[in-house]
Amino acid sequence: MAEKPSILLIESSVQHVDRVRRHALAEKVNFLIYDCTSVDDFIARLQPGGAYCNITAIVRTGWLKAGPYASHLVFTNKTIPHYPPSLKLICCSGHGYDAADINALTARGIWYCNTPNACTEAVANTGLSLVLETFRYLSYAQWCARFDWQKSRELGTKAVDPAGMVLGVIGMGDIGIAIAQKCEAALGMKIAYHGPRRKPDAETRLKGGAIYYLDLLEMLAVVDCVVVAAPYTPATHHLLSQREFGVAKGSGLRVVNIARGKMIDEEALVSALEAGQVVGIGLDVHENEPKLHDKLRENWMVTLLPHIGVCSGTSWANFEAENWNNLEAFLESGKPRTPVNQVSG
């Protein structure tokens, strides 16, 4: 009888547990539960004779930002050289994969799978909320209700409704499309988008269609609000900075980010806010999180969230299901369902 493969399971303190499915999988694999005290401890256990020296796959499930292992970056160039030859698959919760060195994993012949579309609904709802916040300043209104009722009257000359305004989406993937659909349907907004190529199929999913801009500056010059929903790569670092804010139309630009914090130059964002080029800000992610820019943190006209766009039981259940889907597909066919890379051989 063939030996069952060993699967290293890295669990978050916030997760959905499908006990029936895990029990069924336990008939096919040996689960090892990650309990390392540090990344160095993890590396030590990967060594020949170590507890993890024969693992076939790593499955990291639940909310990556929660629990004692949130700071354990185990898919990077620090750890990959120590992986055993037996390791062939990594399944990890989440839409983004910028915390993994995909090129190094591919060179080692290791599949890396994210969970695309698993958190689309949760993040898109957060995006919708932040877009509305940048027009109506409801975070500031909440502060006023608690601490200074009369100061809320200052909003009378600042707040406007987004109906008929133009939303510019940077990154028309699953989440970008979902935000566009919600803002069109709920807020009555018109849609523009920017990306490396036009997406006619995405345009057809919007009742009013969408206008594509290959040039980001051209789009920023005509939109009323921009939502960052693209992947973070070296090419998108500080995608929005002084030059981009400088082309905003006279009525000002509203800026929403539900992607990655380092895609926006926050010093330039603060300067643009002070100059009136930016008139509304809604951020779920931050350039140096968990540290916030002091001037943004102190300004209640700015809406700030602690990277909780994904935070929903719906997301955790979808993460759980898709991770096991990938593992089972790999065990059955040698290829997972949603790899972000291609492994030959």
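**Close-ups of Thr236 and strand 1**

**View 1. Threonine 236 and the backbone of proline 231.** A polar atom on the side chain of threonine 236 sits 3.1 Å from the backbone oxygen of proline 231. Keep in mind that this is a predicted model. As for where we are in the chain, threonine 236 belongs to the loop that links strand 9 (225-228) with helix 9 (242-246).

**View 2. What surrounds threonine 236.** Threonine 236 has a relative accessibility of 14%, and since the cut-off for buried is under 20%, threonine 236 counts as buried. Setting aside neighbours within four places in sequence, its contacts are Pro231, Lys262 and Met263. Pro231 is also the residue whose backbone oxygen faces us in View 1, 3.1 Å from that polar side-chain atom.

**View 3. Strand 1, tucked in.** Now over to strand 1, residues 6-11. Of its 6 residues, 5 are buried, so the rest of the structure largely encloses this strand.

**View 4. Strand 1 beside strand 2.** Strand 2 (residues 30-33) runs parallel to strand 1, and 4 bridges join the two. To pick out one pairing, look for leucine 8, whose bridge partner in strand 2 is leucine 32. Add helix 1 (residues 19-25) to the picture and you have a right-handed β-α-β unit, made of strand 1, helix 1 and strand 2.

**View 5. Strand 1 beside strand 3.** Strand 1 also pairs with strand 3 (residues 55-61), again in the parallel sense, over 6 bridges. Here the pair to find is glutamate 11 and threonine 61, its bridge partner in strand 3.

Key
Residues are numbered from 1 along each chain as its sequence is written. This is a predicted model: local features need pLDDT of at least 70, side-chain atom pairs count only at pLDDT 80 or more; totals for chains, interfaces and linings use all residues. Side-chain values use heavy atoms; hydrogens and water are left out. Helices (H or I, at least four residues) and strands (E, at least two) are DSSP runs, numbered from the N terminus. Buried means under 20% relative accessible area, exposed over 50%, partly exposed in between (1.4 Å probe, protein chains only). A polar contact is a pair of N or O atoms within 3.5 Å; within protein, one must be able to donate a hydrogen and the other to accept it, and residues adjacent in sequence count only if both atoms are side-chain atoms. Contact means heavy atoms within 4.5 Å. Two strands pair if DSSP finds at least two bridges between them. A crossover is right-handed if, with the strands pointing away from the viewer, the path from the first strand over the helix to the second runs clockwise.
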